[in-house]
Amino acid sequence: MLQFISFGSGSCGNCYYVSNGVDAVLVDAGVGIRRLKRGMATYGVRTSLIRGLLITHDHADHIKAAGHVSSEYNLKVYTTEKIHGGMRHNYHAMRKVDVERAMAVEKDVAFEMGSLRITAFDIPHDSAENVGYCIESGNEVFTIMTDVGAPTENVRKYIGRSNYLVLEANYDAEMLKNGPYSDYLKQRIMSGTGHLCNTQTAEVLAECFHEGLRNVWLCHLSEENNHPELARKTIEFKLRQYGIIVGKDVQLEVLRRQTPTGPWTLIL
């Protein structure tokens, strides 16, 4: 089996847990350590199974508790050299990751954490660098892509490989256009190094859908410029246009921003 829990997904903090029952990883540590500990206790997470912390990029909502989490659970922190550098210079991360726990990975080069095989891959975003993670357990593939500036060929490739997929649906274009953000911030979000809107997410999912894709979770929704039901309906409508029925051909869920979502136990 695989188990997946989201401990938070959005600009207030991101953290995900993936386990095959033998080994587990955390992806990002943007929620507070006390909140994370409460969540793991609530869901009975066996912290002894966690083999490491994977970091997608160096923005505060993904790393602000990384040093605390690494120290509390004696975890090594895995990401690229550029992202490690960005983390060291981010003043929102009050406790830095200890040097001896900072492990550098290369994009598109697989490495093993117990029985899990993990590959970091490039995703465009306006950070020092940004990566998604492809997590393999046997023949099953669980992929996490957050803060996706554009649906690149790399993004499409890894959707095509995935059985289980966490993918950003950050904003609704009309809500952003008519919302309170400054023009500068609106342009940043809509740029090719910003975020995916609901329509972009819907289109790339529909175009890259395959029979092996069983579950999709929409992550990192904007509180000001999106709504969970709007995101879900946009994706559901586009998939239906391609003859793909949510609930029959694929399961679709929206991750909550500030409270845990899950757990999902996925029978392989």
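**Notebook: salt bridges, sheet and cores**

I began with Arg117, which forms a salt bridge with Glu136, the closest N and O atoms being 4.0 Å apart; a salt bridge here is a side-chain nitrogen of Lys or Arg within 4 Å of a carboxyl oxygen of Asp or Glu. This pair links distant parts of the chain, since Arg117 is in strand β8 (residues 116–122) and Glu136 is in strand β9 (residues 131–137), 19 residues apart. Helices (H or I, at least four residues) and strands (E, at least two) are DSSP runs, numbered from the N terminus.

I noted that this is a predicted model, in which local features need pLDDT of at least 70 and side-chain atom pairs count only at pLDDT 80 or more, while totals for chains, interfaces and linings use all residues. Residues are numbered from 1 along each chain as its sequence is written, and side-chain values use heavy atoms, with hydrogens and water left out.

**More on salt bridges**

I asked myself whether Glu136 is buried or exposed. Glu136 is buried, with a relative accessible area of 15%, whereas Arg117 is partly exposed at 40%; buried means under 20% relative accessible area, exposed over 50%, and partly exposed in between, with a 1.4 Å probe and protein chains only.

I then found that Arg161 also forms a salt bridge with Glu136, the closest N and O atoms being 3.4 Å apart. Arg161 lies in helix α5 (residues 153–161) and Glu136 in strand β9, so this pair ties together parts that are 25 residues apart in sequence. Arg161 is partly exposed, with a relative accessible area of 35%.

Next I looked up Glu140, which forms a salt bridge with Arg214 with the closest N and O atoms 2.5 Å apart. Glu140 is in strand β10 (residues 140–145) and Arg214 is in the loop between α8 (198–208) and β12 (215–219), so far along the chain that 74 residues separate the two. Glu140 is buried, with a relative accessible area of 11%, and Arg214 counts as partly exposed at 34%. I also saw that Lys107, Asp122 and Glu129 are joined into one network by salt bridges that share partners. The full count by this rule comes to 13 salt bridges.

**The sheet**

I traced an open sheet of seven strands, in the order β7-β8-β9-β10-β11-β12-β13, with mixed pairing; two strands pair if DSSP finds at least two bridges between them. β7 (111–113) and β13 (251–254) stand at the edges with a single partner strand each, so one side of each has no neighbour in the sheet. On average, neighbouring strands of this sheet are turned by 20° against each other, direction ignored; axes are lines fitted to C-alpha atoms, for helices over the stretch in contact, and angles run from 0 to 180 degrees between N-to-C directions.

Within the sheet, β8 and β9 pair in the antiparallel sense over six bridges, and the bridge partner of Asp122 in β9 is Val131. Helix α5 packs on the sheet, where α5 touches β8, β9, β10 and β11 (164–168), and its direction makes about 145° with that of β10. I found helix α9 (residues 228–241) lying across β12 and β13, running at about 155° to β13.

**The cores**

Which residues have the most contacts inside the largest nonpolar core? They are Leu54, Val69, Ile135 and Phe142, in a core of 53 residues; a nonpolar core is a set of buried Ala, Val, Leu, Ile, Met, Phe, Trp, Tyr and Cys residues joined through side-chain atoms within 4.5 Å. Apart from this core lies another of 30 residues, among them Ala202, Leu205, Leu218 and Val246.

**Two loop residues**

Asp23 is found in the loop between β2 (15–19) and β3 (24–27), and Asp23 is buried, with a relative accessible area of 5%. Its side chain is joined to that of Ser115 by a polar contact of 2.5 Å, a polar contact being a pair of N or O atoms within 3.5 Å, where within protein one must be able to donate a hydrogen and the other to accept it, and residues adjacent in sequence count only if both atoms are side-chain atoms.

Last, I looked at Thr47, placed in the loop between α1 (33–42) and β4 (50–54) and partly exposed, with a relative accessible area of 32%. Leaving aside its neighbours within four places in sequence, Thr47 is in contact with Met40 and Tyr73, where contact means heavy atoms within 4.5 Å. The C-alpha atoms of Thr47 and Tyr73 are separated by 7.5 Å, although these residues are 26 residues apart along the chain.
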